[in-house]
Structure formats: C-alpha cells, structure tokens
Amino acid sequence: MNAFNVNEHMQALGLQAKAAAAQMARADAAIKNKALKALARRLREAGPELAEANARDIDRAVAAGLSAPMVDRLKLTPKVLATVAEGCEQLAAMPDVIGEIIGMKQMPSGIRVGQMRVPLGVFGMIFESRPNVTIEAASLAIKSGNAAILRGGSEAIESNKALAQLVSESLAEVGLPVDAVQLVQTTDREAVGRLIAMPEYVDVIIPRGGKGLIERISREAKVPVIKHLDGNCHVFVDDTADIDMALKIVDNAKTQKYSPCNAAEGLLVTGAVAGKFLPLIGQVFAAKGVEMRCDAAAGAIVRGAGLNAVDAVESDWSEEYLAAVISIKVVKDVDEAITHINRYSSHHTDAIVTRDHIHAQRFLREVDSASVMVNTSTRFADGFEFGLGAEIGISTDKFHARGPVGIEGLTSLKYVVLGQGEVRT
Ligand SMILES: NC(=O)C1=CN([C@@H]2O[C@H](COP(=O)(O)OP(=O)(O)OC[C@H]3O[C@@H](n4cnc5c(N)ncnc54)[C@H](OP(=O)(O)O)[C@@H]3O)[C@@H](O)[C@H]2O)C=CC1
Ligand SMILES: N[C@@H](CCC(=O)OP(=O)(O)O)C(=O)O
C-alpha cells in the first residue's frame, strides 16, 4: 500500500475545491436549502457509525488525560446533534443573499452602479477539537455558496470523518458537488502548512484557535486570513452597577462553561463597590471551585471575607485560562478599566455592568474589542445568539469581518455597473 502523501492529498483537495466553488457560486438557493435540510435529516437519523466514531475520539482523549472541559467539547450528544441539525434548518429558512444587488445608483454619466454579494470562493478553516463546528462550517459554506476545506482538531478526527460523510451524502443527494465541503483526512500538521500556502486554490484562511496556531499562520500564510483568536474577555463592574445583576452576569460569564473563547477570564471592579461586590461573587466562585487570582486590593477583600485568594502576577492579566480560574483587579474608575482592557484583553468581547449612561457609552466607544456589551454576559458573543443563524467563529480581526462571522462574513461585494452605451469623456 502507498504511504499517505500529505502534499498530494492537499493538492487534490485544493484542485477539487476550486472546481466545486465555481459550481456552488451559481447554485440555486432552493437546491442549497435542500442540501441543508437533507443534512439536518441525516444528523437527526445518524446511525451507530457516528456514535462509535465519537466514542473512539472520547476514549482516546480520556486516555491521553485531556481536561474535563476539553473532553466535554468533543462530545456529540443527542442534544448537540439536535442543535446542529436545527442550525442547518434555520440556515435553510434564511433568505439567500448571494446575487443580491444593493445600493444601485444612477451616476451623472448615465451609468448605474451598485454592489452584488458573492461568495469568497474557497475557504480553508483550521479549528479546535469540537466536532459540531464541522457541521456549522459545512452548513455555512453551503448556504453562502462557497467551497470549504476543513481541518478540525486532531482529537476529533474520527467524529469529523463520520460527519463529513453525512455532509457528502447530503450534497450528492441534491446534485451539488461533494467536493464543496472536504475534510483534511490526516492530523499531520504539515497539512495545515500546505493549506495556508495554496493561493492558487484557497481564497481565504480562517484559523480558529490559540496563540501557537496564529503564530504559525502569521509566519507562513500566503493567502488572506480572518483570525479567530483566543478570548481573554472581561467583565467590569462599575460604581453604579446593580449588584444583583452584576452577580448574575459575572457568574454566567465565568462559570456557565469554562472552555469557550467568550467566557470571562478577567473581572474588574471599581473601588467604590469592591467591598460589597467581591465577598458576594467570591462566595459564588468558592462554591463552584473557581480560583480567584487577585491584585493586592481585591485579595485583601476576598481574604477578609474568609475566602481563598491567590496573588495575581503580571501574566495573569493576559491569560486565557479556559478553566475554573479568574483574575480579579480593583480599579479606580471607568478610565482605568478601559485602559486595562485595551492593554490586556484579546479584543474579543468585553462587558460593563453599570447604570451610568455616560460610562456605558464610553465603554462601547472606547473599548477596542470585536463585541462590547452593556449589562449582559460575554457568553452571548455567538453567531446564533446574535441572530446570524450559525457562526464560523468569532473574528478578532478588524478587517473584512469582526466578531461572530455568519453568511455575510463568507461573502464579499463586487461592483456591478449597468450602462446603455455610455463612454467616459
Ligand atoms: N475566536 C473564536 O471564534 C474561537 C477561538 N477559540 C480559541 O481556541 C483556543 C482553544 O482551542 P485549542 O484546541 O486549545 O486551540 P489550538 O490552537 O491548540 O488548536 C486549534 C486548531 O489549530 C491546530 N493547530 C494548533 N497549533 C498549530 C500549529 N502550530 N500548526 C498547525 N496546526 C496547529 C490544532 O491542531 P491539533 O489538533 O493538531 O493540535 C487545531 O486544529 C482558545 O484560545 C480559544 O479561545 C476557540 C473557539 C472559537
Ligand atoms: N460561539 C461559541 C463559542 C465557541 C467556542 O469558543 O468554542 P470552544 O473554544 O471550542 O469551546 C459559543 O458560545 O457557543
């Protein structure tokens, strides 16, 4: 048997994706929607092959000593499958934006100028070991008329192969090219190196992951990149905050799930309310086993309430724990909070809890993050929650797409010009 050749494999995926992209770009909206509904049906009716593939991934992850939240992220429970199936159906029900022409205006020369929404072409996506993302990316690729080459996390390879099979069957069922969504069949990271350096086939790369991934992409990518990076998200409790509301929000932002990029990793509290708020949230955290890494002022209050605190070091302010740990700092006012966030946050999502309209407005304008929130939890930074139907991920880039990326983020606008024989003088 021939040895698996990564280079040849990636070359083949690229070539096939390019051909499929042309067909997807002109595919009828009704056919794409039919494929999405077929995929939803297959996910709901998935047989033992999928469950067995997922069990193999989970067993391997447990044996390798992966943390509980990371193993959790791998699981294709009936609820996860129902949610992704529902996501496909919701996308099918959404209007098709491909081919839409907007802003048509008559110019003094007589020509009419507008913009048409078109797919990006082929996107390559590298993402974490969360198999539901395979379906979210596949369904968004179909709806937006793109072709996708997907490289999921190595811990999820078996589940991803089984899911990719369902996607292929759904595309084939409605007569769309099966190569519109392809999964990289190896966990060899050399494949990532190839995927990000094939400008002849790939129009854009969407990396979704932590710093190591991004360093490699920034060094080696030869195609445009929409970065979906780490989330060092903050909640700032202002001096006029409703304390009960702040408790609910901070608790949810930190503890509802520890592994997502939109979970809070830093808590900032103004000195005016720290004495009241920190003992209360400290009790909530202590009961849930959340380690509190505090600056001197916060530590004194937390310890004064009879709770444990760890002294924060400089690196804690930039840390994305993805675990039951939070950094806590007492700040003087909204200015210090904004300065701290702009210096240490990963520019993903940050929230203020306040009753002061001016402070809320300043936070929204001055915090330089993809999503800025008032009186709610950072956990809401999500395409589904923002009404996009589904999401490719949360872009921490400023260009092309920022924040949760849905259908429109996978498209661009080209100019269309309609004339009646006008020429330029
Ligand atoms: N902004 C967003 O939308 C999201 C961001 N994230 C972020 O992702 C991180 C958590 O996921 P985690 O699994 O730890 O992320 P990693 O960055 O470790 O892995 C993500 C993907 O990148 C690959 N990868 C990582 N490093 C390299 C490299 N040097 N060369 C080639 N491929 C590489 C991994 O492959 P392999 O399996 O081989 O390790 C995996 O497929 C957090 O920082 C989180 O915030 C997560 C979800 C959404
Ligand atoms: N938008 C998603 C975030 C997804 C996410 O960050 O995933 P992961 O880091 O793999 O746990 C949500 O809140 O559900």
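Here is a short tour of two ligand sites and one pocket in this predicted model.

**Stop 1: ligand 1**

Start by selecting ligand 1 and showing the residues around it. You should get 26 of them, with Phe-127, Ser-154, Arg-189, Glu-320 and Ile-394 coming nearest.

Now turn on the side chains of three arginines. Arg-189 puts a polar side-chain atom 2.7 Å from an oxygen atom of ligand 1. For Arg-151, the gap between a side-chain N or O atom and a ligand oxygen is 2.8 Å, and for Arg-73 a polar side-chain atom sits 2.9 Å from an oxygen of the ligand. Switch on a surface here if you like: on its own, ligand 1 exposes 900 Å², and the protein buries 85% of that.

Next, color the shell by residue class. It splits into eight nonpolar, ten polar and eight charged residues. Then try coloring by secondary structure. Helix 9 (211-220) and strand 14 (393-395) each supply at least two residues of this shell, and helix 9 gives the largest share, three residues.

Finally, color by domain: 6-228 plus 392-418 as domain 1, and 233-380 as domain 2. Each of the two contributes at least three residues to the shell around ligand 1.

**Stop 2: ligand 2**

Select ligand 2 and its surroundings. This time there are 13 residues, and those that come nearest are Glu-128, Arg-130, Asn-262, Asp-382 and Glu-391.

Zoom in on the contacts. Glu-128 has a side-chain N or O atom 2.6 Å from an oxygen atom of ligand 2. A polar side-chain atom of Arg-130 also lies 2.6 Å from a ligand 2 oxygen, while for Asn-262 the distance is 2.8 Å. By itself ligand 2 has 380 Å² of accessible area, and the protein covers 84% of it.

Which classes of residue make up the shell around ligand 2? Count four nonpolar, two polar and seven charged. Keep the domain colors on, since domain 1 and domain 2 each give at least three residues here.

**Stop 3: the second largest pocket**

Hide the ligands and select Leu-229, Asp-230, Ser-345, Ser-346 and His-347. Those residues lie nearest the centre of the second largest pocket, which has a lining of 15 residues and a volume of about 200 Å³.

Helix 9 turns up again, and along with helix 13 (334-344) supplies at least two residues of the lining. By class, the lining has three nonpolar, six polar and six charged residues.

Where does this pocket lie relative to the domains? Domain 1 and domain 2 both give residues to its lining, so the pocket lies between them.

Notes
Residues numbered from 1 in each chain as written. Chains lettered and ligands numbered in written order. Predicted model: local features only at pLDDT ≥ 70, side-chain atom pairs only at ≥ 80, totals over all residues. Heavy atoms only, no water. Near = heavy atom within 4 Å. Polar contact = N/O pair within 3.5 Å; in protein donor to acceptor, adjacent residues only side chain to side chain. Areas by Shrake-Rupley, 256 points an atom, 1.4 Å probe, with all protein chains shown as cover. Helix = DSSP H or I, 4+ residues; strand = E, 2+ residues; numbered from the N terminus. Nonpolar A, V, L, I, M, F, W, Y, C, P; charged D, E, K, R; others polar. Domains from an automatic or database assignment. 1 Å grid on protein atoms, 1.4 Å probe; cavity = no way out; pocket = protein on both sides within 12 Å on 5 of 7 lines; lining within 4 Å. Points joined across faces, edges and corners; volume = space filled by probe spheres on them.
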